[in-house]
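Please open the structure in your viewer and keep the selection tool at hand. The stops below go from a whole chain to one sheet and then to an interface.

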Amino acid sequence: MARHVISTLAVLGILLPFSGLAVAQEKTSIKLGVLEDQSGDFAVATIGKVHGIQLATEEINAAGGIDGRPLELVIYDTQSDNTRYQEFMRRVLQRDKVDAVFAGFSSASREAYRPIVNQFDGFAFYNNQYEGGVCDANMVVTGAVPEQQFSTLIPYMIEKYGKKVYTIAADYNFGQISAEWVRNIVKEHGGEMVGEEFIPLGVSQFSQTIQNIQTAKPDVLVTLLVGTAQASYYEQAGAASLKVPMASSVNVGQGYEHKRFKAPSLANMYATVNYIEEVDTPASKAFVEKWHKKFPNEPYINQEAENSYSAVYLYKQMVERAKSTKRDDIRKVIAQGDVCFDAPEGKVCIDPKSQHMSHTIYLAHVGEDHTIDFPKVWQDVKPYWLGDSGCDLMKSDPSAQYTPSNPPVATK
Amino acid sequence: MDVLYSTFSFLYQSGDAFAFLVLSACGLAVIFGMMGVINLAHGEFILCGAYVSTSATHMGLPLPLAIALGAGVAGLIGMLLERLIVRHLYLRPLDTIVATWGISMIATQGTLIVLGSTMQGTGTPFGSFMVGNYSYSVYRIVLMGMALATLAALWLVFTRTRFGVLARATIQVPHIAQALGVNTGLIYSLTFGLGAALAGLAGGLYAPTMTLVPTMGSAFIVEAFVTVVIGGADIFLGTAPAAAILGVVKAALTSWQGQLAGQIGMLLAVIIVIRILPRGISGWILKERA
C-alpha cells in the first residue's frame with residue numbers, strides 16, 4: 001500500500017510540471033466551460049446545444065478569436081444528473097478557472113448549480129427556455145421565458161379553439177411555475193381551467209391521464225412534458241384517438257417530437273418557439289446549411305441549440321467591448337442596453353435589468369403529416385416581466401428566482 | 001349505462017397497469033425471483049428487445065415477427081452474458097449487482113454512442129375504439145392479452161415440460177440435480193436466457209407506444225423490481241397477484257388524483273405489503289397451503 005502511494009506521488013510529480021506548462025502556454029486563450037447533458041434522459045434535446053457552441057467557437061477562432069485570443073472549450077457531460085452539475089460547476093470554476101460557463105437544460109439543474117456560481121462569483125449563461133424569474137447578476141439567460149412564450153400562445157389558442165384549458169405538466173419547478181403562468185393568463189383572457197395534472201419525471205405510461213383529459217373535455221390541452229419518458233404521452237394519446245388541440249412551450253422546440261413520432265400523433269400541436277430548423281428565412285436556411293456541413297448527422301436543430309450558438313457570439317461581443325473577461329466590466333457593457341446579435345431567428349438583445357434576452361417568437365403548428373407551418377410570428381418580444389415587477393440588476397442583485405405569486409419586492 | 005361505462009374504464013385502466021407490471025416483471029421474476037441474480041441490467045434487455053424489434057419493423061418485418069425477433073436477440077445476448085460474466089458470480093449474489101449495473105451502463109452509453117440519442121418510432125397499430133364517451137387504444141387490449149398469454153406460457157413451460165422440471169430442480173438443489181446427470185450449467189444458461197428473452201419481449205411489445213431512447217429501460221425497472229419483490233420467488237403465485245394488486249391501486253389513485261398520487265400509492269402499497277408479508281405474496285400463499 002505504501003509503495004502504491006509513493007508510486008502515485010511519483011507519477012503526479014512527473015505530471016504536474018507538464019500541466020503547469022500547459023497552463024502557461026494557453027494563458028492567452030479565453031476559456032468557456034460547457035456543462036450540458038450529453039447522456040441520460042435529456043440528451044435528445046441537449047446534444048445539439050454542445051454542437052451549437054462548438055460550431056460558433058470554430059467560426060470565431062477561424063476569424064481570429066475573441067479580441068485576438070482563441071476561445072477554448074472545457075466540456076463536461078452532466079449526464080442529466082443534478083449532482084453532476086454541482087460537481088462540474090465547482091470543477092470548471094475552481095480547477096479549470098474558466099472565464100464563463102454555459103450550463104444547464106432542466107430548471108432543477110440550473111437551481112442546483114446557481115448557488116455555486118454565486119459562491120465563487122462566476123459568470124454563467126443559461127441558454128434554455130424556462131419558467132422565468134431568475135434575477136441574478138451572475139447569470140445571463142438567453143432562452144425564452146413565459147411572457148414570451150405563453151402571453152403569445154395562450155390568447156391565440158383561447159381565441160381559436162375555446163375557453164376550457166387543461167394542463168399536464170412535469171412535476172418539478174419548471175412545470176409547476178409554468179402551469180401557474182398558464183393559469184394566470186387563461187384567467188386574464190376569460191378562460192377556465194378544467195383540469196391540471198402534474199406528472200413525475202420518468203413516468204412513461206399515460207393511459208389513465210388520457211382518460212382524465214377525456215372526462216374534463218377541454219378545448220385546449222397545454223402540454224409541458226419534459227424528458228424522453230414523458231414524451232411517450234403523444235404516441236399513447238394518438239393511439240387512443242385523443243384529438244384535443246395542444247399547446248406547448250417546450251415540446252417540438254426542444255424535443256422535436258414531431259420528428260421522432262410517427263404522424264399523426266403530434267397533429268394539431270401549437271408551440272411557441274424562438275427558433276426551430278423549419279424557420280423559413282434566409283438567415284435560418286444559411287444557418288441550417290452550415291450546421292449540417294459540420295454535423296451531417298444532427299437529427300434536429302432545436303431552439304436551445306440556436307440559443308447556445310448565439311450566446312457564444314453575444315459573449316464574444318461583450319468581451320470585446322469590455323476589453324476584459326471580468327464580470328463587472330462585462331456587466332457595464334450589458335448595462336448600456338445595446339448588446340444585440342443578428343441571430344438565425346432574427347435580432348436578439350440582452351435586457352440590462354434582468355439579463356434575459358428578447359426574441360422573435362414563432363408559432364409553430366404541426367400538421368397531420370407532421371410538417372410545420374408558422375401561422376403567426378411575433379417580432380422582438382421583450383422579456384419584460386422581471387423588469388416590470390421590480391428586478392433591476394443594475395441597482396441590486398438579489399440572486400433569487402421569482403414567480404407570479406412571489407414577485408420581487410420593489411422597495412429595495 | 002354510465003355505471004357500465006365507468007366499470008369498463010376502471011377495468012381497462014387496471015388491466016393496462018397490470019399488463020405493464022406483468023410484462024416488465026416476468027423476465028426479472030425468472031432471473032431475480034427464481035435464480036437469485038439481482039439483475040440491474042434488466043432494463044437494458046428491454047431496451048435491446050425494443051430496438052431490435054423497431055429496427056426490424058422499419059426494415060419491413062411484420063410486427064409480431066419483429067417482436068419475436070427482439071425477444072430472441074435479447075435471449076441470446078442474455079445467454080452470452082450468463083456464460084461470460086454472471087456464471088462466475090452465482091455464489092456472490094451481491095457482486096452480481098455491481099456486474100449487472102456495469103453491463104447496464106455500458107449498454108446504455110454504447111447504444112447512445114453507436115445509435116444516437118433517439119430512434120424513430122413505428123407508431124401504435126390497430127387504432128382505437130369508443131365505449132361511452134371515452135376512446136381507447138386497441139393495442140392496449142392486445143398488451144393485456146399478451147400479459148395473460150405470457151403468464152400461461154410460463155406456467156406451461158415450468159410445470160409441463162422437461163426443461164421446466166430440470167430448471168426448478170437445478171435452482172432448488174443444484175448439486176443433487178447434477179448428481180442425477182442434469183447439465184446444470186446449460187440449465188442455468190437457458191433459464192437466464194429465458195428471463196432476458198421475456199424482458200426483450202416486454203421491450204418489443206411496448207416499443208410502438210414509447211419514446212425510443214437509450215435510457216428507456218429505466219422506465220420499466222422500478223416497476224419490475226417492485227412487483228418481483230412484493231411477489232416473492234414464485235412467478236404465478238407471486239408476480240401475477242402482485243401485479244394485479246398494484247395495478248388496481250395505481251389505476252384507482254391515478255384516476256382520482258392524477259399520476260403523482262398513483263405513483264405514491266403504488267410505492268406505499270409496496271411498503272405495506274413488505275411490512276406485513278416479508279417473504280412476499282407467494283411466500284404467504286405457500287405457507288398457508290403447507
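What follows is a tour of a predicted model, one selection at a time.

**Stop 1: chain A as a whole**

Select chain A and colour it by secondary structure. This chain has 13 helices and 17 strands. Its radius of gyration is 22 Å, close to the 22 Å that the globule rule gives for 412 residues, so chain A is as compact as a globular protein of that length. Turn the C-alpha trace to look along its principal axes: the spans are about 70 × 50 × 45 Å.

What share of the 412 residues of chain A counts as buried? The figure is 53%. Contacts in this chain between residues at least 6 apart in sequence can also be sorted by separation, and 70% of them join residues at least 24 apart.

**Stop 2: the annotated span**

Now select residues 29–369 of chain A. An unreviewed UniProt entry places the feature "domain: Leucine-binding protein" here. Helix makes up 43% of the span and strand 22%. Mark the C-alpha atoms at its two ends; they lie 48 Å apart.

**Stop 3: a sheet of seven strands**

Stay in chain A and pick out β8, β7, β9, β10, β11, β15 and β16. In that order, these seven strands form an open sheet with mixed pairing. Which strands stand at the edges? They are β8 (192–199) and β16 (372–381) of chain A; each has a single partner strand, so one side of each is left without a neighbour in the sheet. From one strand to the next, the twist averages 20°.

Zoom in on β9 (residues 220–224) and β10 (residues 246–248) of chain A. They pair in the parallel sense, over two bridges. To see a bridge, select A:Val222 and its partner in β10(A), A:Ala247.

Next, add helix α5 of chain A, residues 146–161. This helix packs on the sheet and touches β9, β10, β11 (269–273), β15 (359–366) and β16 of chain A. Compare the direction of α5 with that of β15(A): the angle is about 40°.

**Stop 4: where chain B meets chain A**

Finally, show chain B as well. Here 37 residues of chain B are in contact with 35 residues of chain A. On the chain B side, the elements giving two or more residues include α1 (2–34), α4 (93–115), β2 (134–137) and α5 (138–160) of chain B. Further along chain B, α9 (218–231), α10 (235–257) and α11 (259–276) are also among them. Colour this side by residue type: 10 residues are nonpolar, 25 polar and two charged.

Note on methods
Residues are numbered from 1 along each chain as its sequence is written. Chains are lettered from A and ligands numbered from 1 in the order in which they are written. This is a predicted model: local features need pLDDT of at least 70, side-chain atom pairs count only at pLDDT 80 or more; totals for chains, interfaces and linings use all residues. Two strands pair if DSSP finds at least two bridges between them. Helices (H or I, at least four residues) and strands (E, at least two) are DSSP runs, numbered from the N terminus. Axes are lines fitted to C-alpha atoms, for helices over the stretch in contact, and angles run from 0 to 180 degrees between N-to-C directions. Two residues are in contact if their C-beta atoms, placed from the backbone, lie within 7 Å. UniProt positions are given in the numbering used here, feature names are shortened, and annotations may be inferred rather than shown by experiment. The radius of gyration is taken over C-alpha atoms; the globule rule is 2.2 Å times the number of residues to the power 0.38. A residue is buried if 20 or more other C-beta atoms lie within 10 Å of its own, exposed if 12 or fewer, and partly exposed in between; C-beta atoms are placed from the backbone. Ala, Val, Leu, Ile, Met, Phe, Trp, Tyr, Cys and Pro count as nonpolar, Asp, Glu, Lys and Arg as charged, and the others, Gly among them, as polar.
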